Structures are given as structure tokens and as C-alpha cells.
Amino acid sequence: QDTYDITSNRESGLGRYDVILVPKTADKRGIVLEFKTSKTKKNLTNTAEKALEQIEEKDYAAILKNKGAREILLLGMAFWGKEMKAAYKMLEGKNDEVA
């Protein structure tokens with residue numbers, strides 16, 4: 001509570017994100033989370049990568065960029081039962097370049 005404002009399922013960019021952690025101070029990293037379920041264990045990695053692509057294509061990080069976040073972690077997570085895979089990308093918030 002003291003470090004982040006956490007919101008879910010709100011509009012940002014061209015769609016609705018799953019969860020965003022907006023830092024209360026500029027020294028903290030902003031985080032965008034997108035969750036997907038995989039139909040098979042074999043497809044977990046691909047599903048996580050698709051979640052990450054969705055974050056980028058729909059520009060869910062726009063709210064964090066507008067609030068001046070220096071670093072932004074994009075995290076796509078895929079679940080199959082109790083198994084999970086993640087795909088991520090780090091952005092510089094000010095100029096949208098990969099860190």
C-alpha cells in the first residue's frame with residue numbers, strides 16, 4: 001500500500017489490462033501483469049509470450065508512461081494447473097526503449 005497503487009481490469013492504451021502496479025515514487029518500477037491460461041502444458045511458454053505481446057500491442061503501459069515511471073516491467077504469465085511460465089520485457093518509461 002505504501003509503495004504501489006494496484007489496479008485491475010481498467011482501460012489503458014487500446015484495451016483493458018489485468019493488473020498494473022503504479023509506483024507512488026519515481027524510484028520504483030511500474031509493473032504490468034497479463035494472465036492467460038494454457039490449454040496444454042506443452043503450450044505454456046507460447047501462451048506466456050502471447051500475453052506479453054498483448055501488453056505491447058495494446059500499450060497497457062501507457063498509464064505508467066503518463067505517470068512518469070522510469071522503468072516498466074511487462075510480465076506475461078501463463079498457467080496450466082499448478083504450473084506457470086512467464087515472459088517479460090523491461091522498458092524505459094520515458095522513451096519506450098528496451099532496457
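Here are a few questions and answers about the fold and one ring pair of this protein. This is a predicted model, where local features need pLDDT of at least 70, side-chain atom pairs count only at pLDDT 80 or more, and totals for chains, interfaces and linings use all residues. Residues are numbered from 1 along each chain as its sequence is written, and side-chain values use heavy atoms, with hydrogens and water left out.

Q: In what pattern do the helices and strands follow along the sequence?
A: Helices (H or I, at least four residues) and strands (E, at least two) are DSSP runs, numbered from the N terminus. The protein has 2 helices and 7 strands. Read in order, that gives β-β-β-β-β-α-α-β-β.

Q: What share of the 99 residues is buried?
A: Buried means under 20% relative accessible area, exposed over 50%, and partly exposed in between (1.4 Å probe, protein chains only). Going by that, the buried share of the protein is 39%.

Q: How are the rings of Phe 35 and Phe 79 arranged?
A: Rings of Phe, Tyr and Trp (its six-membered ring) pair if their centres lie within 6.5 Å; planes under 30 degrees apart count as stacked, over 60 as edge-to-face and the rest as tilted. The structure holds 1 aromatic pair. Here the centres are 6.2 Å apart and the planes sit at 45°, so the pair of Phe 35 and Phe 79 is tilted.

Q: Which strands does that pair link?
A: The two residues are 44 residues apart, so to speak in distant parts of the chain. Phe 35 belongs to residues 30-37 and Phe 79 to residues 71-80, which are strands β5 and β6.
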